[in-house]
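Colleague: I have a model open and want to learn how to read its features. Can we start with a single residue and work outwards?

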Amino acid sequence: MPEESISGIMGRIGSKSLELDPDFQRNFIWTPKPQKFFIDSILRGYKIPPIWVWRREDADGEEIESVIDGQQRLTTLWNFTQNKFSFAPPKKIVVPDTEI
């Protein structure tokens with residue numbers, strides 16, 4: 001999947017042209033805590049690993065993409081955009097001391 005905006009991806013999930021839970025995919029297991037960490041990472045501008053999809057035709061001959069890797073991340077984004085969990089950014093960023 002080429003680089004795409006979050007709103008574009010959410011639109012494709014909503015229209016079902018991007019399938020989050022194909023038969024071979026495990027169930028969504030992230031609890032609210034890792035979901036909030038993931039959203040925080042996005043808002044801080046951290047790099048997010050790529051999402052891997054399988055492009056194919058469904059039974060009606062329509063092109064569909066099924067998520068191979070990234071279901072937890074994309075479901076978290078979907079849940080966030082649908083207000084399915086609360087999120088408040090931390091007030092302070094704590095960075096441990098490190099030596100270089």
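Modeller: Start with contacts. This is a predicted model. Leaving out residues up to four places away in sequence, Thr-76 touches Phe-28, Trp-30, Gln-35, Phe-38, Ile-39 and Phe-85.

Colleague: Is Thr-76 buried or exposed? And where is the place of Thr-76?

Modeller: Buried means under 20% relative accessible area. Thr-76 has 0% relative accessibility, so it counts as buried. Its place is in helix 3.

Colleague: Which residues are buried in helix 2?

Modeller: Think of helix geometry. An α-helix has 3.6 residues a turn, so residues three or four places apart point the same way. In helix 2, the buried residues are Gln-35, Phe-38, Ile-39, Asp-40 and Ser-41. Helix 3, residues 71-81, is part of what covers them. Thr-76 touches three of that set by name: Gln-35, Phe-38 and Ile-39.

Colleague: How many residues has helix 2, and what is its reach?

Modeller: Compare reach with expectation. Helix 2 runs over residues 32-43, 12 residues. From first C-alpha to last it reaches 16 Å, close to the 16 Å expected at 1.5 Å a residue. Just after helix 2, Gly-45 takes a positive phi of about 85°.

Colleague: Now the sheet. What is the strand order?

Modeller: Read order and pairing together. The sheet is open, with three strands in the order 1-3-2 and mixed pairing. Strand 1 (18-19) and strand 2 (52-57) each have a single partner strand, so one side of each lacks a neighbour in the sheet.

Colleague: How do strand 2 and strand 3 pair?

Modeller: Antiparallel, over six bridges, with strand 3 at residues 63-69. Arg-56 stands opposite Ile-64 in strand 3.

Key. Residues are numbered from 1 along each chain as its sequence is written. This is a predicted model: local features need pLDDT of at least 70, side-chain atom pairs count only at pLDDT 80 or more; totals for chains, interfaces and linings use all residues. Side-chain values use heavy atoms; hydrogens and water are left out. Two strands pair if DSSP finds at least two bridges between them. Helices (H or I, at least four residues) and strands (E, at least two) are DSSP runs, numbered from the N terminus. The expected span of a helix is 1.5 Å times one less than its number of residues. Buried means under 20% relative accessible area, exposed over 50%, partly exposed in between (1.4 Å probe, protein chains only). Contact means heavy atoms within 4.5 Å.
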